[in-house]
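Biologist: Could you walk me through this model, beginning with a single side-chain contact and then moving on to the bigger pieces?

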Amino acid sequence: MTLRIREKRHSMSHIKRENLRLAIIMLAPIFVILMAVSVYPLIRSFDISLRLYNLTKPGLGTPYIGLENYRFVLTDARFWQSVKVTAVFVVISVTFVIVLSTAIALLLNCEFRGRGIVRALMLVPWAIPNVANGLMWLWILNPSYGALNGLLSQLGLIDHYIVWLGDKRLALIMVILAEAWKETPFIMLMILAALQSIPKEMYEAAQVDGSRYFQTLFKITLPMIRPTLFVAITLRTIWAIKSFDLIYTLTSGGPDNATSTIGYYTYLRSFISMNLGRGSAAAWLMTLVMIGLTVLYQRALYMEE
Amino acid sequence: MNLAKKSTKVRLSKAVKKVLFWLAILFLLFCVLAPFYWMVVSSISYQAELALRPPHWFPEEVTFSRYQQIFEGFRTGFADNSPAAKFTRGLSNSFTVAGLTTLICMVAGCMAAFALTRLGIPHGRTLMMIILGSQMLPAIVIIIPINLLLQKYHMIDTIQGLVLPYCGLMLPTVTWIMYGYFLSIPREMEEAAMIDGCTKLQSFLKVVLPVSGPGLVAVTAYTFLYSWNEFFMALTLTQTNTKTITVTITEFASLFGTDYGLLATGGVIGSIPPLIVAFLLQRYLVAGLTAGSVKG
Amino acid sequence: MKKSIALLIVLVAIAALFNTAFAKELSGEVRVLVRPDEGAVFEKYVPLFEAESGVKVVVDFVSWADITSKTLTTLASGGGGYDVVMIPSADATKLMAGGWFEPINDMIAGEEDLWLKTVVDFYSDTDGNLLGFPWYSGASHWIYNKAILDKAGVDPAGLKTWDDITAACAKVKETQAGDFCLTPSIKYPGNFYYGWGSITKAHGGKLFDDEANILFDQDPATLKATKFYEDGAKLGYLNPAGIGLSDYETLIEYGTGKTAFMLNSTWSATQSMTNKELSSVTEDSFAMLVPGNGEFLSDTYLYAGAFGILKSSENKDAAKAFIKFITSDDAQKDHALYGGNLPTRVALFTDEDIAKSWKGYDVLSDQLNYGGFAPKIEWFDEWRMVAATAIQNVVKGEMTAEDALAWLAKETEQIKADAE
């Protein structure tokens with residue numbers, strides 16, 4: 001009896017050790033790559049955030065100044081303004097993109113003729129280089145001869161041309177729409193892939209039960225793809241917080257800082273004020289927020305399980 | 001009688017549903033394609049026609065002069081540095097960089113995701129969070145440390161000097177997506193295989209990986225397109241030898257200001273390879289999905 | 001022992017001699033970072049220079065929109081192996097403050113008179129070190145559409161001051177000769193050079209004193225210029241779409257032929273008068289000096305480009321030789337003709353070949369005599385962003401001119417304090 005138990009224990013720890021060895025081999029490549037090109041720059045940028053690092057004042061050198069850069073950022077009105085903008089931007093943009101992607105994925109999950117072509121065409125926005133995307137939208141939103149003004153006035157929806165990027169609220173909405181256009185296809189693809197992995201029998205069972213479409217949706221479909229939805233929401237949130245390219249091209253953070261997100265604030269401090277210390281401090285604060293949100297999401301996901 | 005009434009009602013609502021469905025699809029396609037269509041039109045219309053109010057949705061006169069300008073007519077032709085040569089070099093650099101990045105990310109990412117989901121590593125989820133956390137710092141801030149590092153090892157303006165940072169940028173996301181995907185695959189399948197005598201690794205390779213087709217294709221497409229389209233790092237880490245196509249496009253298109261016509265042209269040309277990749281992989285994706293290996 | 005030391009010294013001496021002899025002979029490679037605008041001139045002159053000097057020149061073109069971030073990142077992380085970097089005037093103060101550039105006073109010594117003094121002064125630091133070698137210059141110019149003014153009954157020859165302009169705008173509006181009088185760029189960064197900044201300077205407005213203290217909040221001329229925006233927007237003289245337009249886009253807007261005036265760069269001004277692709281009113285467009293305030297004839301902001309040599313360069317002599325070559329008379333002349341940028345060599349302003357083939361060259365180059373560079377303040381770029389916001393609020397009617405300037409002053413103090 002005792003012998004048996006010992007044997008069992010022995011074999012269990014043996015499996016674990018084997019797993020451990022395998023795990024180390026499996027994790028080695030990612031470890032090496034991330035150490036070199038992610039962790040090192042990360043540590044370096046943290047180091048910079050603790051220093052006086054003003055490129056316009058090389059005479060001062062780069063001495064350590066403790067948490068002075070963090071203090072500066074946290075008492076900077078423009079930082080808090082950008083936090084506010086980011087919060088609004090993230091909430092609207094993430095919700096919009098996730099709901100839209102799920103809806104489209106459900107639509108394209110139906111069987112219909114030409115589904116393959118429609119799915120392929122859905123990927124067009126995703127394939128366009130960001131550089132071209134930003135400028136394309138700038139061109140479409142042009143207040144004088146942009147296509148959006150042209151289309152809406154031809155349809156009779158507006159009676160005069162609108163300066164889309166000149167109004168605080170409109171500018172933010174336009175940035176969100178342009179970003180959604182670009183980002184939705186990939187998220188949609190992820191969700192579609194998850195939908196396809198739901199066994200058909202589950203639907204058939206639901207049909208036998210006489211459940212209606214929305215009941216099936218909320219009781220079976222969405223719970224089944226929860227892990228994927230979680231990944232999608234997390235990724236979308238991180239990207240939205242970091243969002244910079246499109247804002248840089250479309251509005252440069254304006255008008256009146258209405259689209260100046262934390263990503264843009266970081267750029268402002270690092271490249272326009274040329275104060276790398278403050279820029280890095282802002283970036284680290286931003287990262288803390290992202291980590292916090294990710295943990296929160298994760299809690300929410302596993303709490304309900 | 002009652003029954004007949006009910007059935008027409010059902011049929012009618014079915015027809016209405018069908019119409020609504022196709023309207024939704026059409027609207028969707030319009031939203032997705034209209035901006036791209038406008039970009040194509042802008043690249044082949046004369047500037048004067050582009051500044052009209054209301055816009056000409058179908059150009060009256062078509063010009064390919066901008067395409068010509070990008071491919072041959074532009075005046076930066078050094079002996080070994082002609083525009084056409086620059087363009088082809090940009091394309092081939094992009095292919096090399098995006099291809100290598102995709103390959104490395106796929107292999108390393110799947111390995112890591114497998115380890116984190118299937119080997120019962122303590123704090124696997126926390127490890128995942130740390131990996132994910134490493135990609136959270138914005139590129140603007142890490143670009144200077146990366147630049148310093150690459151300059152130190154003489155890797156500025158080399159292929160590996162771009163592929164490595166790209167891997168750092170994309171590996172966390174790739175791992176994260178595969179992590180979620182592997183989690184959603186029922187373990188019963190592997191357990192069955194293991195009872196048949198497979199090791200963990202074998203069961204992973206033989207059972208999990210084959211049914212992960214859609215996820216893998218999505219991740220391949222993601223990595224390829226992302227590294228193809230990346231701009232900021234390519235701008236600062238390349239010089240004359242390894243410029244990728246996105247950097248080459250802006251070089252040609254922003255001569256004196258933002259020339260929309262030229263940029264649209266560059267945008268169309270730069271979009272063609274990723275579009276082809278997306279379309280090809282999409283077919284693969286559909287094939288993988290309809291194979292329906294994940295039926296329970 | 002002694003013998004070996006002696007031998008060593010002799011060897012070192014020979015090596016050193018050999019080295020200096022070798023250094024006089026130019027060789028190796030010069031890496032240059034410029035914008036693609038320079039393409040045409042570089043295409044012609046780089047092979048000539050290579051043949052003459054035996055130095056290989058590698059040119060890296062980076063687009064206009066990205067040159068600042070590329071240059072800054074590269075410089076901040078050690079130079080990236082470049083020898084020569086183009087310094088546009090908009091970034092000059094920041095880049096020169098970074099201490100990355102080699103003083104090159106020797107390159108211009110003895111021939112100071114040949115160069116446009118304002119540009120040379122602008123690229124010199126407070127200690128008198130020349131950090132950028134003058135390449136091209138330009139200004140914010142005033143262009144008018146003669147057809148519209150004729151229709152409105154305005155004689156362009158009579159437009160001398162801003163009051164004349166306002167009166168002309170009233171007539172354009174009254175007669176409906178054009179949709180708008182002017183479409184300035186009210187977006188960062190265009191708002192400064194091709195809008196409020198230059199208009200303020202032309203009103204005689206003072207923004208800052210030499211110590212970077214604020215003057216504009218108590219300055220009647222600045223207020224008048226800002227009022228020009230407030231009233232102009234109210235009365236429909238100014239096109240509010242300018243809030244969302246860059247300077248290039250205001251050129252296209254003017255090119256559609258519905259606006260009486262345009263304030264824009266030398267290149268844009270030239271395109272409006274010559275390039276039928278971009279402007280449908282080339283025949284009707286003419287340049288004039290930016291109006292003055294009555295006390296002086298004209299004023300505006302100037303810009304320029306220069307070549308700097310990096311301290312980290314290992315081939316400074318070759319770099320200098322290349323810069324001399326590419327900024328020679330002939331190269332500048334070609335640059336002017338191809339690129340629509342004004343030269344920095346004084347002699348070229350009276351060059352007949354250029355004048356013959358460039359419509360309006362006399363007026364455009366004359367503008368350089370009536371203008372100055374932006375203040376050399378390290379936080380100036382940040383300030384320009386806020387200034388654009390202030391003017392946008394004025395145009396949208398959300399602030400009066402007075403309020404906007406007061407608000408801008410408050411924000412400026414903050415930016416200034418942050419930069420310390």
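Modeller: A good place to begin is Gln154(A), whose side chain makes a polar contact with the side chain of Trp57(B) at 2.6 Å; a polar contact is a pair of N or O atoms within 3.5 Å, where within protein one must be able to donate a hydrogen and the other to accept it, and residues adjacent in sequence count only if both atoms are side-chain atoms. Please keep in mind that this is a predicted model, in which local features need pLDDT of at least 70 and side-chain atom pairs count only at pLDDT 80 or more, while totals for chains, interfaces and linings use all residues. Residues are numbered from 1 along each chain as its sequence is written, chains are lettered from A and ligands numbered from 1 in the order in which they are written, and side-chain values use heavy atoms, with hydrogens and water left out.

Biologist: What else does Gln154(A) touch?

Modeller: Leaving aside residues up to four places away in sequence, Gln154(A) touches Pro54(B), Pro55(B) and Trp57(B), where contact means heavy atoms within 4.5 Å.

Biologist: And which helix is Gln154(A) in?

Modeller: Gln154(A) is found in helix α7 of chain A, residues 147–154; helices (H or I, at least four residues) and strands (E, at least two) are DSSP runs, numbered from the N terminus. Gln154(A) is partly exposed, with a relative accessible area of 45%, on a scale where buried means under 20%, exposed over 50% and partly exposed in between, using a 1.4 Å probe and protein chains only.

Biologist: How much area is buried between chain B and chain A overall?

Modeller: About 8,300 Å² is buried between chain B and chain A, with carbon and sulfur atoms giving 80% of that; buried area is the accessible area (1.4 Å probe) that two parts lose on being put together, summed over both. Met136(B), Ile140(B) and Tyr260(B) supply 8% of the area that chain B buries against chain A, more than any other three residues.

Biologist: Switching to chain C, which domains does the assignment give?

Modeller: For chain C the assignment gives domain 1 (28–139 + 302–367) and domain 2 (141–300 + 379–419), with bounds that come from an automatic or database domain assignment. The C-alpha centres of these two domains of chain C lie 29 Å apart, and 16 residues of domain 1 are in contact with 24 residues of domain 2.

Biologist: Which residues of domain 1 of chain C supply the most there?

Modeller: Lys359(C), Leu364(C) and Gln367(C) supply 40% of the area that domain 1 of chain C buries against domain 2, more than any other three residues.

Biologist: In what order do the strands of the open sheet in chain C run?

Modeller: Five strands of chain C form that open sheet in the order β2-β1-β3-β9-β4, with mixed pairing, and two strands pair if DSSP finds at least two bridges between them. The edge strands are β2 (56–61) and β4 (133–139) of chain C, each pairing on one side only.

Biologist: And how do β3 and β9 of chain C pair?

Modeller: Strand β3 (residues 84–88) and strand β9 (residues 302–309) of chain C pair in the antiparallel sense over five bridges, and Ile87(C) stands opposite Ala306(C) in β9(C).

Biologist: Which strands does helix α13 of chain C lie across?

Modeller: Helix α13 (residues 316–326) of chain C lies across β1, β2, β3, β4 and β9 of chain C, running at about 150° to β9(C); axes are lines fitted to C-alpha atoms, for helices over the stretch in contact, and angles run from 0 to 180 degrees between N-to-C directions.
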